[in-house]
Amino acid sequence: MRARVIEALFFFRQHWQALLWVLAPVLVPLSLFQNHRFYFVHAGSVELASKDGLALGVQLMGGLLANALTILYCLQQVRPAEAAVLLGGRPLWQEALVRAPLLFLVQMLVAVAILGGLLFLVIPGIWLAGVFLPAYVLVTVERPSPQGAMQAAWERFRPGAWPLAGSLGLLLLGLLPALALIGALETSLAGLGSGPAWVLGSVLDVGAMLLTQLVSILLVRFYDLERSANERPANDGGEA
């Protein structure tokens with residue numbers, strides 16, 4: 001588990017600047033919009049902002065678009081030949097825009113599965129997270145339907161669900177201090193006035209959203225390992 005997290009962190013360290021460049025057209029407008037709503041429309045009220053359906057909807061879809069871009073970018077790095085076939089000369093943006101609505105449907109299905117497991121006991125919910133979270137990568141890379149991605153995740157990632165869930169938990173524990181620090185800095189912006197707080201808060205939000213893409217990077221890493229494990233016997237058989 002630790003090895004997989006270290007690999008994801010190493011990938012992020014190598015590619016964060018290129019990834020930021022890819023994601024900036026999503027993250028920058030999204031963070032500016034969210035912080036404008038918070039500081040100017042809701043006057044810095046957390047209670048009012050939590051009831052802002054427009055802002056929450058934009059945040060959800062913007063986040064899914066960022067996830068799709070990250071997954072496609074990672075595929076370009078780890079499986080460039082497959083990425084070239086998938087994109088067919090199209091830019092990442094075009095494919096990500098098509099995949100984002102399907103990611104939304106997958107997210108709903110994954111949430112139902114995990115919450116269903118958590119209603120019985122915590123352990124089944126954690127295990128189901130390890131099983132079904134790779135469906136985000138599958139629906140983006142292999143283009144099945146959302147239901148097909150869930151079924152494929154069940155068939156292909158069920159044996160390795162615990163290592164994936166454990167790696168994800170370890171990664172999130174590592175991210176918590178950084179995200180908590182960013183949250184504390186955002187709280188301290190309240191006394192600066194709406195204008196400066198809007199700009200600085202947007203910069204901090206971009207940093208936080210970039211860090212959370214480590215989850216997508218980790219999922220792509222497990223997807224690549226699963227693919228490699230399945231390809232190896234076929235290659236060995238061909239050589240024999």
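In this predicted model, Trp198 is a convenient place to start: the residue is partly exposed, with a relative accessible area of 27%. The ring of Trp198 has a partner in Phe40, and the two form an edge-to-face aromatic pair, with 5.8 Å from centre to centre and 85° between the planes. Phe40 is likewise assigned to the partly exposed class, at a relative accessible area of 41%. Since Phe40 belongs to helix H1 (residues 2-41) and Trp198 to helix H10, this contact ties together parts that are 158 residues apart in sequence.

Helix H10 itself covers residues 194-212. With 19 residues at 1.5 Å a residue, H10 should span 27 Å, and the 26 Å between its end C-alpha atoms agrees with that expectation. Several positions along H10 are buried, namely Ala197, Gly201, Ser202, Leu204, Asp205, Val206, Ala208, Met209 and Leu210. One of these buried residues, Asp205, sits in the list alongside Leu204 and Val206. Trp198, by contrast, falls in the partly exposed class, because its 27% lies between the limits of 20% and 50%.

A search of the whole structure returns four aromatic pairs. Besides the pair of Phe40 and Trp198, these include a stacked arrangement of Phe132 and Trp154, whose ring centres are 6.0 Å apart and whose planes differ by 20°. The angle of 20° is under 30 degrees, which is why the pair counts as stacked. Phe132 lies in helix H6 (residues 122-132) and Trp154 in helix H8 (residues 146-157), so here the linked parts are 22 residues apart in sequence. The two partners fall into separate accessibility classes: Phe132 is buried, with a relative accessible area of 10%, whereas Trp154 is partly exposed, at 34%. Ring pairs also bring in Trp127, so that Trp127, Phe132 and Trp154 are linked into a cluster.

Helix H6 appears again at the surface. A nonpolar patch of about 570 Å² is made there by Leu115, Leu118, Val122, Ile123, Ile126 and Trp162. Helices H5 (92-120) and H6 each supply at least two residues of this patch, and H6 gives the most, with three. Trp162, another member of the patch, is found in helix H9 (residues 161-187). Its relative accessibility of 43% places Trp162 among the partly exposed residues, and this value also passes the cut-off of over 30% that patch members need.

Conventions: Residues numbered from 1 in each chain as written. Predicted model: local features only at pLDDT ≥ 70, side-chain atom pairs only at ≥ 80, totals over all residues. Heavy atoms only, no water. Helix = DSSP H or I, 4+ residues; strand = E, 2+ residues; numbered from the N terminus. Expected span 1.5 Å × (residues − 1). Buried < 20%, exposed > 50% of the residue type's maximum accessible area, 1.4 Å probe, protein only. Phe/Tyr/Trp six-rings, centres within 6.5 Å; stacked < 30°, edge-to-face > 60°. Patch = residues over 30% accessible without salt bridge, like charges linked within 9 Å, V, L, I, M, F, W, Y side chains within 5 Å. Areas by Shrake-Rupley, 256 points an atom, 1.4 Å probe, with all protein chains shown as cover. Salt bridge = Lys/Arg side-chain N within 4 Å of Asp/Glu carboxyl O.
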